[in-house]
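These are my notes on what I looked up in the structure. I kept each entry short and in order of inspection.

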Amino acid sequence: ASKYVKTEKLPAKPIGDSFGTFLSGPLIIDASDIPSAKLQACADKGFPETTCMNRSNIRIAGVLHGVTTDEFWDPVFAASEQAAKDMGVILDLDRPVAPSDGESDLVLHQKMAKNIKSYCDSNVDGLFVSIPSKTVEEAVEYCQSLNIPIVSVNSRSSDGLDLLHHVGQLESIAGYQAGKRLIMEGATQGWCVNHEPDNSAIDDRCSGMELAFRGDPDVQYKGQIEVPRDDDDQYIAIVESALGTNTSWSEVGLLLAGQLHSDPARVLLGGHPEATMGIFDVNDAIFASLDDNELAFAIDQQPYLQGYLPVALLVYNAYSKERLANEYIESGPAFVTMSPSESEAACAR
């Protein structure tokens, strides 16, 4: 409630949850995890700080794939730092730099895996991670063998991990809803434009879109278009080449898989204003495109919550050994069709 009062940000309603929103139980307890007498007494008293917890000794670590050049991650890192400050805990959080020219994302993922194992070997009280690939997932599994509580954030490569929570949007569901929205907006031929083919979350977005289009007999899913992240001219040439000269742009629906597409998208729409485009994530350029009626919609996954909630959940688990029963805590998707007020935008940064 206090976080909503300050930020007006709320998690999305859980998908398919027929019992309520966020669940305190049931959680199964067996002989291996009976709480100690002290822990039970502290719970009965509401965990008074003087006798039952010393947050200043709690150490939380975060390893995320959000590189310094990707502004989507700015509020994630800022929110994590704010959460640690609010709760008076130690936070180890390093922001990676983008891979050098010619390096694949695998290099970044290998560095992430190394840092994850290092933090877990140092016996942190909790760890939050993004999991964009199998390489990172294997490091997370190593930490699980050490019984480190883990919350995944944003990207998650597998549902097979038994983690404390996942905070983010379920990308395949978000992609599906985006595909349905493109169809509703009039698109009959759909492409998913992918700037990061090594990222499983982006693939899930495109797979969800494909499912939406293939479920409608009146439209066609035409496939993915892989584009560079740092060359707008090449980006535009690749998209126009993929669609070909015989495509009617008035029938085209493009799902742009991240906010890095915002600048080349405006150029594309300048040449083909009849096309329908939706985009994942938001920034100032995207808000301007929405206000100018260029983009049909954007999808906000509320990155602030993806930074703040993992720290709060891990700190609570560290001193209480309690958790929510929900595995998924969904920060999105939320469809956006206009820009926020100036004050809202400034605080969200």
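**Asp105 and its surroundings**

I began with Asp105, which is buried, because its relative accessible area is 7% and the cut-off for burial is under 20%. I note for the record that this is a predicted model. I located Asp105 in helix H5, which covers residues 105–121.

I then asked which residues, beyond the neighbours within four places in sequence, are in contact with Asp105. I found Pro99, Glu196, Asp198 and Arg229. For Arg229 I also looked at the side chains: a polar contact of 3.0 Å joins Arg229 to Asp105.

**Strand E6**

I turned next to strand E6, residues 189–194, and asked whether its residues are buried or exposed. The strand is mostly covered, with six of its six residues buried. I recorded the directions as well: Gln189, Trp191 and Val193 point one way, while Gly190, Cys192 and Asn194 point the other way. Both sets are buried.

I looked up the pairing of E6 on each partner strand. With strand E7 (residues 220–226), E6 runs parallel and is joined by six bridges. Within that pairing I found Gly190 opposite Tyr221. With strand E8 (residues 252–256), E6 again pairs in the parallel sense, here over five bridges. Cys192 has Leu255 of E8 as its bridge partner.

I also followed the connection from E6 to E7. Together with helix H8 (residues 200–214), the two strands make a right-handed β-α-β unit.

**Phe280**

My next entry concerns Phe280, in strand E9, which spans residues 276–280. Phe280 counts as buried because its relative accessibility is 0%.

I listed its contacts, leaving aside neighbours within four places in sequence. Among them are Leu255, Leu256, Ala257, Gly258 and Gln259, and also Arg205 and Ile299. Leu255 had already appeared in my notes as the bridge partner of Cys192. The contact list of Phe280 further includes Gln169, Glu171, Ala174 and Gly175. For Ala174 I noted the separation from Phe280: 106 residues in sequence, and 9.1 Å in space from C-alpha to C-alpha.

**The chain as a whole**

I closed with totals. The secondary structure of the protein chain comes to 13 helices and twelve strands. Of its 349 residues, 48% count as buried. I asked what share of the contacts between residues at least 6 apart in sequence join residues at least 24 apart, and the value is 69%. The chain exposes about 16500 Å², of which carbon and sulfur atoms supply 48%.

Terms used
Residues numbered from 1 in each chain as written. Predicted model: local features only at pLDDT ≥ 70, side-chain atom pairs only at ≥ 80, totals over all residues. Heavy atoms only, no water. Helix = DSSP H or I, 4+ residues; strand = E, 2+ residues; numbered from the N terminus. Buried < 20%, exposed > 50% of the residue type's maximum accessible area, 1.4 Å probe, protein only. Contact = heavy atoms within 4.5 Å. Pairing = 2+ DSSP bridges. Right-handed = clockwise from strand over helix to strand, strands pointing away. Polar contact = N/O pair within 3.5 Å; in protein donor to acceptor, adjacent residues only side chain to side chain. Areas by Shrake-Rupley, 256 points an atom, 1.4 Å probe, with all protein chains shown as cover.
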